[in-house]
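Reader: I've got this model open and I'd like a close look at one part of it, the charged side chains and how they pair up. Could you walk me through that, and then show me what sits around it?

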Amino acid sequence: MKKEILFIIIACIIAIGACMAGEKFNQHKEEEQANLWKNKIHAAGEPLTIWIAADLHYLSPDLEKGSAYFAEMMKESDGKLTEYSSQITDAFLEKAVHQKPDALILAGDLTFNGELKSLQELAGKLKRVQDAGIPVLVIPGNHDIAYPYAAEYKGDEVTEAENISQKQFKDICGEFGFKYGQASDSASFSYIYSLAEDVSVLLLDANTENHAGVIREETLNWAQEALESKETSHALTFSVTHQNVLPQNPLLSEGFVLKNDREVQSLLKTGGIKNNFSGHSHILHEAKAEGLRDLAVSSLTVSPLQYVVVNIDEKRNMTYSAKKVDIMQEKAAMRFKECTERQIFRELDPLSIEKERKRKMAEFAADVNKAYFAGTVDNTDAYRYEEGWKLWQKYGRGTYWYTYLNSILTGSSFDKISRSC
């Protein structure tokens with residue numbers, strides 16, 4: 001009996017020792033990783049190149065295998081190539097590994113509809129980018145945490161898939177910026193990350209569990225303290241959110257802009273941040289107000305499958321330009337055109353307009369919408385003189401698409417996509 005008790009005690013001691021050794025090993029690995037990224041911080045004044053992408057809406061191929069239901073759902077979307085998100089993401093990340101930007105930032109909606117399997121799979125791909133020596137920084141979007149529509153699509157069946165809790169997101173994505181930031185928020189996935197001795201980025205999470213679309217008061221207080229800290233305030237250059245900080249369009253306000261946008265604008269201005277990068281709207285566009293600029297980055301899986309390259313020079317002037325993923329451009333353009341025209345004809349069909357005029361109106365609207373999403377609406381006057389617009393003015397008033405087109409053609413300035421910030 002005594003030998004049995006002694007054996008149990010020894011076994012417990014060995015188990016406890018093994019656990020402690022494992023914890024020390026994991027802690028050592030984390031410290032090594034943290035030191036690795038600290039050693040990669042660039043010197044003050046060193047030029048930087050940063051890639052920013054948004055709204056990958058990555059869907060694991062295992063969750064969709066030729067589903068007819070899914071195909072019909074894509075026809076009613078904004079033109080995403082979700083069933084090819086794996087290939088598009090792979091091509092984008094391979095390009096990043098080859099060209100080696102100083103950082104890769106993903107501004108939320110990493111997954112299609114918050115599938116845990118999609119996030120786990122994507123994290124594996126992002127880890128390979130980090131293993132190539134490129135810091136990957138992420139924040140969640142409204143589709144990523146506790147999203148109720150995570151699903152698996154097989155044939156005509158749609159079954160519920162496991163979605164992502166806030167803890168799971170932190171566990172899976174913590175190594176992508178959050179763990180190694182100068183400062184991290186305990187109430188959200190917000191953090192400040194140093195890219196150089198004189199360049200840091202504030203990444204603000206507005207999509208915690210039960211609080212989608214709003215920067216929580218605890219996070220605002222944390223950010224305010226961080227912005228006032230001597231360790232971070234001198235180096236802050238720009239910020240990143242998922243939802244827009246400023247309305248990009250009069251029609252892209254409610255549901256697109258942060259619910260407490262005024263408080264966030266005030267926070268950024270007080271902290272001396274003049275440039276914010278966001279996603280969510282799926283368009284490439286910029287909005288300005290009272291010294292603050294919000295640069296919306298289009299969705300990586302919506303035509304023209306693009307992301308933004310930010311260059312920061314020795315004097316810390318910032319410029320950015322749009323770049324495209326090198327695959328599936330024709331397929332993406334066709335998907336976007338078909339989805340747009342389907343929506344337009346649905347609205348025009350009940351109207352007493354000749355078929356040829358409807359066709360011209362639809363072609364005009366599709367062309368404007370394509371340029372708007374791509375960020376290439378350079379000359380609104382030219383569009384306003386086209387026959388298609390005159391037909392919309394004569395026959396389409398009162399429709400949503402007329403209001404939408406009018407908001408584009410009479411909205412804020414549209415500079416070419418190579419801008420100084």
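Author: Let's start with arginine 216, which is buried, with a relative accessible area of 18%. The cut-off for buried is under 20%, so arginine 216 qualifies at 18%. Keep in mind that this is a predicted model. The salt-bridge partner of arginine 216 is glutamate 218, and the closest N and O atoms of the two are 2.9 Å apart. Glutamate 218 has a relative accessibility of 40%, so it counts as partly exposed. So this salt bridge pairs a buried arginine with a partly exposed glutamate. Elsewhere, Glu286, Lys288 and Arg293 are joined into one network by salt bridges that share partners.

How many salt bridges does the structure hold? The count is 21. In general, side chains of opposite charge can pair when their charged atoms come close. Another of these pairs is glutamate 152 with lysine 154, where the closest N and O atoms are 3.2 Å apart. Lysine 154 sits at 47% relative accessibility, so it counts as partly exposed.

The pair to zoom in on is aspartate 90 with lysine 125, whose side chains meet in a salt bridge at 2.7 Å, N to O. This one links distant parts of the chain: aspartate 90 belongs to helix H3 (residues 85-99), lysine 125 to helix H4, and the two are 35 residues apart. Which of the two is buried, and which is partly exposed? Lysine 125 is the buried one, with a relative accessible area of 11%, while aspartate 90 is partly exposed at 31%.

Now for the surroundings of lysine 125. Leaving out residues up to four places away in sequence, lysine 125 touches Tyr58, Ser86, Thr89, Asp90 and Leu93. So the salt-bridge partner turns up in that list, in company with Tyr58 and Leu93, among others.

Helix H4 has another neighbour that deserves your attention. H4 covers residues 116-131, H5 covers residues 166-173, and their axes come within 10 Å of each other. For background, two packed helices are described by the angle between their axes and the distance between the axes. Here the axes cross at roughly 15°. Angles under 35 degrees count as roughly parallel, and H4 and H5 are therefore roughly parallel to each other. The crossing is right-handed. If you want to colour the contact on screen, pick Leu116, Leu119, Gln120 and Ala123 on the H4 side, and Gln168, Phe169, Ile172 and Cys173 on the H5 side. By type, the residues of this contact are six nonpolar, two polar and no charged. So while lysine 125 of H4 is in a salt bridge with aspartate 90, the contact of H4 with H5 has no charged residues.

One more lysine is worth a look, lysine 75 in helix H2 (residues 68-75). Lysine 75 is partly exposed, with a relative accessible area of 37%. Setting aside residues up to four places away in sequence, lysine 75 touches Cys339 and Arg342. There's also a long reach along the chain here: the C-alpha atoms of lysine 75 and arginine 335 are separated by 7.9 Å, with their positions 260 residues apart in sequence. Across the chain, 72% of the contacts between residues at least 6 apart in sequence join residues at least 24 apart.

Stepping back for the wider setting, the chain has 13 helices and 17 strands. Of its 421 residues, 52% count as buried.

Finally, a few backbone spots to check before you do anything with the coordinates. Most residues other than glycine have a negative phi, and most peptide bonds are trans. Histidine 282 has a positive phi, near 70°, and lies in the loop between strand S12 (275-278) and strand S13 (285-289). Histidine 282 is also buried, at 8% relative accessibility. Methionine 328, in the loop between strand S16 (318-324) and helix H9 (329-348), has a positive phi too, near 55°. Its relative accessibility is 23%, so methionine 328 counts as partly exposed. And serine 303 is joined to proline 304 by a cis peptide bond, with omega about 10°; you'll find proline 304 in the loop between strand S14 (292-296) and strand S15 (306-312).

Terms used. Residues are numbered from 1 along each chain as its sequence is written. This is a predicted model: local features need pLDDT of at least 70, side-chain atom pairs count only at pLDDT 80 or more; totals for chains, interfaces and linings use all residues. Side-chain values use heavy atoms; hydrogens and water are left out. Axes are lines fitted to C-alpha atoms, for helices over the stretch in contact, and angles run from 0 to 180 degrees between N-to-C directions. Helices (H or I, at least four residues) and strands (E, at least two) are DSSP runs, numbered from the N terminus. Angles under 35 degrees count as roughly parallel, over 145 as roughly antiparallel, 65 to 115 as roughly perpendicular and the rest as oblique. A crossing is left-handed if the near helix is turned anticlockwise from the far one by less than a right angle, and right-handed if clockwise. Contact means heavy atoms within 4.5 Å. Ala, Val, Leu, Ile, Met, Phe, Trp, Tyr, Cys and Pro count as nonpolar, Asp, Glu, Lys and Arg as charged, and the others, Gly among them, as polar. A salt bridge is a side-chain nitrogen of Lys or Arg within 4 Å of a carboxyl oxygen of Asp or Glu. Buried means under 20% relative accessible area, exposed over 50%, partly exposed in between (1.4 Å probe, protein chains only).
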